[in-house]
Amino acid sequence: MANPHKTSAELEEYVVKDAPPTVYYVPAFITEAEEAHLLQQVYRAPKPKWTQLSGRRLQNWGGLPNPKGMLAEKLPDWLLTYTEKVSALGAFAGKTANHVLVNEYRPEEGIMPHEDGPLYHPTVTTISLGSPTLLDFYRPVDQTQTGVLQTEESRYMLSLLLQRQSLLIVQGEMYEHYLHGIRGVAMDTLTEHVANLSLAGGHVGEVVPRTTRVSLTIRHVPKICHTNLLLGRK
Ligand SMILES: O=C(O)CCC(=O)C(=O)O
């Protein structure tokens with residue numbers, strides 16, 4: 001059984017040392033055949049399963065999370081395989097992930113900088129399919145600096161290069177203190193601010209075009225009991 005308090009020792013070689021604690025980046029976590037199978041399953045989902053947002057569309061699997069928790073629904077087998085595989089690494093402190101958000105981004109699409117908040121705390125994990133992207137991290141607005149203009153650019157801290165078939169695990173300070181987002185661009189230029197450059201096989205100055213990317217964001221959400229919900233209990 002996974003150690004309830006620690007990620008497994010096999011993850012240690014994948015720690016991104018140039019980022020605040022703790023980020024693990026595992027290249028080639030899945031094979032090309034697994035990636036193709038996952039993409040096939042994502043696109044096999046009925047049309048109403050998709051929610052169109054500005055800049056991306058998504059599918060929600062496992063139940064609808066809300067601040068009181070989640071009325072859990074069974075995950076389909078094609079996702080269960082990966083929620084179990086990621087959980088077996090100890091990513092969720094001995095718990096098993098029960099929720100997957102599928103995001104699809106076409107080139108020039110992205111997601112605004114945001115925090116994932118307390119519901120998914122302390123871990124968010126992502127399997128990337130179809131296309132590489134940069135995931136950017138930002139310092140939060142400093143509430144003590146009221147007179148100072150704090151732009152997204154001035155709060156930018158670092159990026160991670162997420163290659164197809166990779167697994168990303170974000171926990172601790174990186175989860176709690178920083179915002180993350182994806183710029184809506186058609187290609188990414190790699191700089192010295194890409195903290196996992198060597199682990200991800202990138203080079204400074206390289207231009208990485210984007211095609212359609214699908215991410216599986218795998219998390220553990222506390223469950224709420226149906227009876228408690230009906231009785232209005234906390
Ligand atoms: O697609 C990704 O890698 C990031 C997704 C994300 O930040 C989210 O769904 O909250």
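**View 1. Strands β7 and β12 run side by side in this predicted model.** Two bridges join β7 to β12, the strand of residues 179-182, and the pair runs antiparallel. To find your way in, look for two histidines: His 114 has His 180 of β12 as its bridge partner.

**View 2. Stepping back, the β7 and β12 pair belongs to an open sheet of four strands.** Read across the sheet, the order is β7-β12-β9-β10, with antiparallel pairing. Which strands stand at the edges? They are β7 (111-114) and β10 (156-162); each has a single partner strand, so one side of each is left without a neighbour in the sheet. Ignoring direction, neighbouring strands here are turned by 20° against each other on average. As a general reminder, strands of a sheet pair through backbone hydrogen bonds, either parallel or antiparallel.

**View 3. Here is the ligand with the residues around it.** His 180, which we met as the bridge partner of His 114, appears again in this shell. Its companions around the ligand are Leu 101, Asn 103, Ile 111, Asp 116, Thr 126, Leu 135, Ser 215 and Thr 217. By type, the shell divides into three nonpolar residues, five polar ones and one charged one. Strands β6 (99-105) and β15 (213-219) each supply at least two of the shell residues.

**View 4. Strand β3 pairs with β2 and also with β6.** Four bridges link β2 (residues 50-53) to β3 (residues 56-61) in the antiparallel sense, and Thr 51 stands opposite Leu 58 of β3. The hairpin formed by β2 and β3 has two residues between the strands, and Gly 55 takes a positive phi near 90°. Five bridges join β3 to β6, again antiparallel; in this pairing, Arg 57 has Glu 104 of β6 as its bridge partner.

**View 5. Helix α2 has a buried side and an exposed face.** In α2 (residues 77-87), the buried residues are Leu 79, Tyr 82, Thr 83, Val 86 and Ser 87. Why do they sit on the same side of α2? They cover an arc of only 135° around the axis, which puts them there together. The face turned away from that buried side carries the exposed residues Asp 77 and Glu 84. It helps to recall that an α-helix has 3.6 residues a turn, so residues three or four places apart point the same way.

**View 6. This view shows residues 96-222, listed by UniProt as "domain: Fe2OG dioxygenase" in an unreviewed entry.** Over residues 96-222 the chain is 8% helix and 42% strand. The end C-alpha atoms of this stretch are 11 Å apart.

Technical notes: Residues are numbered from 1 along each chain as its sequence is written. This is a predicted model: local features need pLDDT of at least 70, side-chain atom pairs count only at pLDDT 80 or more; totals for chains, interfaces and linings use all residues. Two strands pair if DSSP finds at least two bridges between them. Axes are lines fitted to C-alpha atoms, for helices over the stretch in contact, and angles run from 0 to 180 degrees between N-to-C directions. A residue is near a molecule or strand if its C-beta atom, placed from the backbone, lies within 6 Å of it. Ala, Val, Leu, Ile, Met, Phe, Trp, Tyr, Cys and Pro count as nonpolar, Asp, Glu, Lys and Arg as charged, and the others, Gly among them, as polar. UniProt positions are given in the numbering used here, feature names are shortened, and annotations may be inferred rather than shown by experiment. A residue is buried if 20 or more other C-beta atoms lie within 10 Å of its own, exposed if 12 or fewer, and partly exposed in between; C-beta atoms are placed from the backbone. The arc is that of the directions from the helix axis to the C-beta atoms.
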